[in-house]
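Welcome to a short walk through this protein. Open your viewer, keep the sequence panel at hand, and select each stop as we reach it.

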Amino acid sequence: ELVGWLPRDKDDQRAVALAEAAGITVVAISRLCLEPPARGGLLLGFAGIDEDTIQRGAKTLADALERL
């Protein structure tokens, strides 16, 4: 797993919604915290996924987050 930190002014819950609309499953870091974090981020899991699929998924996620 890997954390992808977002710019400080970006909402990780909104990022999750955009990712899911694009077919990518991620978890908002804010959902894992007892107090609001100083910066939002996305928990990215890639176990059991081949390298080509990871690369395509990363591109899809980047395209989706352009709307953030």
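Is Ser30 buried, partly exposed or exposed? Select Ser30 and show its surface: at 21% relative accessibility, Ser30 counts as partly exposed. On this scale, buried means under 20% relative accessible area, exposed over 50%, and partly exposed in between, computed with a 1.4 Å probe on protein chains only.

Before moving on, a word about what is on screen. This is a predicted model, in which local features need pLDDT of at least 70 and side-chain atom pairs count only at pLDDT 80 or more, while totals for chains, interfaces and linings use all residues. Residues are numbered from 1 along each chain as its sequence is written, and side-chain values use heavy atoms, with hydrogens and water left out.

**Stop 1: around Ser30**

Ser30 sits in the loop between β2 (27–28) and β3 (41–44). Helices (H or I, at least four residues) and strands (E, at least two) are DSSP runs, numbered from the N terminus. Leaving aside neighbours within four places in sequence, Ser30 is in contact (heavy atoms within 4.5 Å) with Asp12, Gln13 and Pro37. Now draw a distance from Ser30 to Leu42: they are twelve residues apart in sequence and 8.7 Å apart in space, C-alpha to C-alpha.

**Stop 2: the nonpolar core**

Next, select Leu6, Ala15, Val16, Ala19, Ile24, Val26, Ala28, Leu42 and Leu61, the nine residues of the largest nonpolar core. Helix α1 (residues 12–21) gives the largest share of this core, three residues. Such a core is a set of buried Ala, Val, Leu, Ile, Met, Phe, Trp, Tyr and Cys residues joined through side-chain atoms within 4.5 Å. In soluble globular proteins, nonpolar side chains tend to be buried together.

Zoom in on Leu6, in the loop between β1 (2–5) and α1. Leu6 counts as buried, at 6% relative accessibility. Beyond four places in sequence, its contacts include Ala15, Leu42 and Leu68. Another core member, Ala28, is in contact with Asp12, Gln13, Val16, Gly41 and Leu42, again leaving aside neighbours within four places in sequence.

Follow the contact from Leu6 to Leu68, which lies in the segment after α2. Not counting residues up to four places away in sequence, Leu68 touches Leu6, Lys10, Asp11, Arg14, Ala15 and Leu18.

**Stop 3: the salt bridge**

Which side chains meet in a salt bridge? Select Asp63 and Lys59, where the N to O distance is 2.8 Å. The structure holds one salt bridge, meaning a side-chain nitrogen of Lys or Arg within 4 Å of a carboxyl oxygen of Asp or Glu. Being four residues apart in helix α2, the two are separated by about one helical turn. Asp63 is partly exposed at 40% relative accessibility, whereas Lys59 is exposed at 52%.

**Stop 4: the largest pocket**

Finally, select Gly45, Phe46, Ile54, Gly57 and Ala58, which lie nearest the centre of the largest pocket among its 13 lining residues. Helix α2 (residues 51–65) supplies the largest share of the lining, five residues. Colour the lining by class and you should find nine nonpolar, four polar and no charged residues.

Conventions. 1 Å grid on protein atoms, 1.4 Å probe; cavity = no way out; pocket = protein on both sides within 12 Å on 5 of 7 lines; lining within 4 Å. Nonpolar A, V, L, I, M, F, W, Y, C, P; charged D, E, K, R; others polar.
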